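Visitor: I should like to take a close look at a single part of this structure. Please begin there and then proceed to the surroundings.

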Amino acid sequence: MIHYNERENSFHLSTGKTSYIIAIHKNAYPLHMYWGRRVYGDDVMWALDAPYRRYARIMQPGPDEPAYTHEFFPWEYPDFGTGDFRPAAYSVIDPNGDNYSDARYVGYRILDGKPPLEGLPSVNAMPEDGVETLVISLYDEKLRLAVDLYYTVYEKYDVIARHTEFRYDGEEPSYLTKALSVSIDAPQGFDEMIQLCGSALREKHIVRRPIANGTTGFGSIRGVSSHQETPFAALVGKNTTEHTGEAWAMTLVYSGNFSVTADCDPYGSVRVQMGINETDFRWQLTKGSTFITPEALLVYSGEGLNGMSHTFHTLLRERVGRGSWTDKERPVLLNTWEACYFTFDHDHVMKLAQAAKKAGMELLVLDDGWFGHRDNATSSLGDWFVDKKKLPRGLKALADDINALGLKFGLWFEPEMISVDSELYKAHPDWCLHVADRKRSEWRDQLYLDLSRADVQEYIIDSLTEVLSCANIEYVKWDNNRRMSEAGSDLLPRERKGEVYHRYVLGLYRVLDILTKRFPDILWENCSSGGARFDVGMMCYFAQNWASDDTDGTARLKIQYGSSLLMPPVWITSHISECPNHQLGRTTPLSYREHSSMPFNMGYELNMLRMTDEELAMTNEQVKRYKALRRMIQFGEFTRLQDPFDGENCAWQTVSEDGREVLVWYYKPFVQPEEAYLRVFPTGLDEKAEYTDTVTGRVLTGSMIMQIGLPIDWHNGDSFSQMWHLIKK
Ligand code: GLA
């Protein structure tokens, strides 16, 4: 997997289908030589041959000669101030105030397995994965700073995980003002960049834009990865489609401020970078201290965007996350939020639970409003004790009663927040993020607890442990409903104020690490006003994620389509809600809402007590159908077939793990006049094998289905959907 070529001082990292090659220039600086489809062979330095000036530079003298220049080369982790003139991968202000770095190669190590990233989540490596890790060590003598570049090669998964570790040895403090996880110089260039962006209720919409001279980029400075942007990018060719062409994709295992940039120079080569956002980042390095960047995951696909997604889905589903739920089918739940918001009591919740049970559901989730005196969003965050007005017999009695029906019980928390109207705020007004003598902005009537503080971390760990131990709580929804402003911390000294955002994230990871290890059998669901923090960092602790507060069946198509570029369907929870829809006011058929949710992690979020008998009977059928098919839905191979960002209509499919069954869904949100011959074209079937369409009973070969397509029924009216279940004979 990792081959060192002594002759050239180069490293060839190979996964099943891809190669990544690094060479050390003049025994000093790592060059990025190649990343893409697997190549065979050893020597690679010839690839620097180029007409014009670049070649002359290769011939130049050693790096200590004044004539040595850094411009034009494809660097692997570029320094700052040396004359490269493109964005650096890291920068350091030394004790004199100078900003200059020059870390030179000192050696390499190849490790079996993967060392953990202290304090940060990362992708697991199991012994049977046989992964190897290359560490390239650089050292800046003047700064007395070691820079170790880590590359873990997952051959079986076709993924490379990268991060950097800094170790400081200087007597006086220096400051790290930029420390990215990945930097890649692609001499061949990329044409376009795909990103996932949006807003609340409109998460992970796909945007594809050209890369042109200068910088193309995006990021978040909201303290969380955000609704607006996702720490993910795919660099693609102009002709890359869902099924064909190349994609170079990366995602960050991180949940705070981040940036992604593609910097295109006048020669068309592109420097792609991803990591912690530099805005307000200033990390003090003291003698003996280390700084570890978050991990980045690199995926190359020669088989279009679906090829990229298949690789991400398999790795993330199997090697990200912890606890006992990773490999288990997720239960069908009823969530009380859209059913009754803040207005409920023990009996009302029980009635909902009874209806859920009757429909075959498996888990009742009590959402916001069960604690303190929280009758609306203005109070009680931080006061994690039960509201006896609503639940006079407490959580244990409620959980017991729900369990007695044969349902699991789950509970909502928003642990990182504090309401000004709370007992906690009265006791600890200094526990929130704030800047002294400045306004404290209350977004959704709440403030952020300062998770950079150990005492605040302990409070959250203790108060949640107490609640989770008081009753049989088998599911937790961990919410986060505001973004950071006035991000100051009382306990940090002046010279460490630039550390708050990152220390917050580290504090959050510590809390999550302890709680998810303490309660490994709980099904942990991540949420942040829907998908404001739906990133791989958070998903290292959670088994599923509430993808959006928008539960409209049509709006969900784009949100889920975009999310699936990166995230496996089992992580994407999708609830059938009532109509008119609470966010958009649209009415769609119940069967359409089922089809919209079903290819993902399906659940319900509506007042079943208001449903007609006919709707209840349909719900019963839906739950039965989902449970029968969910193994293949949650663990099969998901492929996008028709892009709703290109004309609204949408289609996707799932193939079971054994390849014998195929589910296909098609959606037509808006009727059009006089359309003929609409078809959907499944992929990945066995060409000569015969498949039975379980609805029509028709038997067709895989090649016919793929080439001629499945005809779509005619239907007058909006919100049409159709589903096929094909079984191989
Ligand atoms: C957020 C979540 C919702 C719900 C509410 C409760 O908006 O995304 O699902 O839990 O909070 O306040």
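In which strand is Tyr448 found? Please describe the setting of Tyr448 in detail and then relate other parts of the model.

Guide: Tyr448 is found in strand β25. The model is a predicted one, and the mean pLDDT of the protein chain is 96, with 99% of its residues at 70 or more. Confidence is not uniform along the chain: helix α1 (residues 53-58) has the lowest mean, 59, whereas strand β21 (residues 333-335) has the highest, 99. Where pLDDT is low, predicted coordinates should not be read in detail.

Tyr448 has a relative accessible area of 2% and is therefore buried, since the cut-off for that class is under 20%. Two polar contacts involve its side chain. One joins the side chain of Tyr448 to the side chain of Asn480, at 3.1 Å. In the other, a polar atom of the Tyr448 side chain lies 2.9 Å from the backbone oxygen of Arg482.

The wider contacts of Tyr448, leaving aside neighbours within four places in sequence, fall in several stretches of the chain. Val224 is one of these partners. Glu416, Met417 and Ile418 are also among them, as are Trp431, Cys432 and Leu433. Further along the sequence, Tyr448 is in contact with Asn480, Arg482, Arg483 and Met484, and also with Tyr504. A separate distance concerns Ala487: its C-alpha atom is 8.8 Å from that of Tyr448, and the two residues are 39 apart along the chain.

The loop that leads to strand β25 deserves a remark. This loop runs between α6 (423-427) and β25 (447-448), and Arg444 has its place there. The phi of Arg444 is near 50°, a positive value in a residue other than glycine. Most residues other than glycine have a negative phi, and most peptide bonds are trans. Arg444 counts as partly exposed because its relative accessibility is 32%. Ser719 likewise has a positive phi, of about 55°, although it is not a glycine. Ser719 lies in the loop between β37 (710-711) and β38 (720-728), and it counts as buried because its relative accessibility is 7%.

A further backbone feature is the peptide bond from Cys579 to Pro580, which is cis, with omega near -5°. Pro580 is found in the loop between β29 (572-577) and α10 (590-597). As for helices, α9 (residues 555-563) is mostly covered, with 9 of its 9 residues buried. Among the buried residues of α9 are Arg556 and Lys558, together with Leu557, Ile559 and Tyr561.

The ligand may be considered next. It is surrounded by 13 residues, the closest being Asp367, Asp368, Lys477, Asp479 and Asp549. By class, this shell has 6 charged, 4 nonpolar and 3 polar residues. An N or O atom in the side chain of Asp367 is 2.6 Å from an oxygen atom of the ligand. For Asn481, an N or O atom of the side chain is 3.2 Å from a ligand oxygen atom. A polar side-chain atom of Trp546 lies 3.3 Å from an oxygen atom of the ligand. Taken alone, the ligand exposes 310 Å², of which the protein buries 97%.

Three other residues complete the account. Ala161, in strand β9 (residues 159-168), is buried because its relative accessible area is 2%. Ala161 touches Lys114 and Glu295, as well as Tyr150, Tyr151, Thr152, Tyr154, Ala296 and Leu297, not counting residues up to four places away in sequence. The C-alpha atoms of Ala161 and Tyr150 are 7.9 Å apart, for residues 11 apart in sequence.

Ser122 also contacts Lys114 and Glu295, its other partners being Leu117, Val253 and Cys540, with neighbours within four places in sequence left aside. Ser122 lies in the loop between β6 (104-112) and β7 (132-140), and it counts as buried because its relative accessibility is 17%.

Strand β7 is also the place of Leu138. Leu138 has 2% relative accessibility and therefore counts as buried. Among the residues that Leu138 touches, beyond those up to four places away in sequence, are Pro30, Tyr105, Val106, Leu145 and Val147. Between Leu138 and Val476 the C-alpha separation is 44 Å, with their positions 338 residues apart in sequence as a separation.

Conventions
Residues numbered from 1 in each chain as written. Predicted model: local features only at pLDDT ≥ 70, side-chain atom pairs only at ≥ 80, totals over all residues. Heavy atoms only, no water. Buried < 20%, exposed > 50% of the residue type's maximum accessible area, 1.4 Å probe, protein only. Helix = DSSP H or I, 4+ residues; strand = E, 2+ residues; numbered from the N terminus. Near = heavy atom within 4 Å. Polar contact = N/O pair within 3.5 Å; in protein donor to acceptor, adjacent residues only side chain to side chain. Areas by Shrake-Rupley, 256 points an atom, 1.4 Å probe, with all protein chains shown as cover. Nonpolar A, V, L, I, M, F, W, Y, C, P; charged D, E, K, R; others polar. pLDDT = per-residue confidence, 0-100. Contact = heavy atoms within 4.5 Å.
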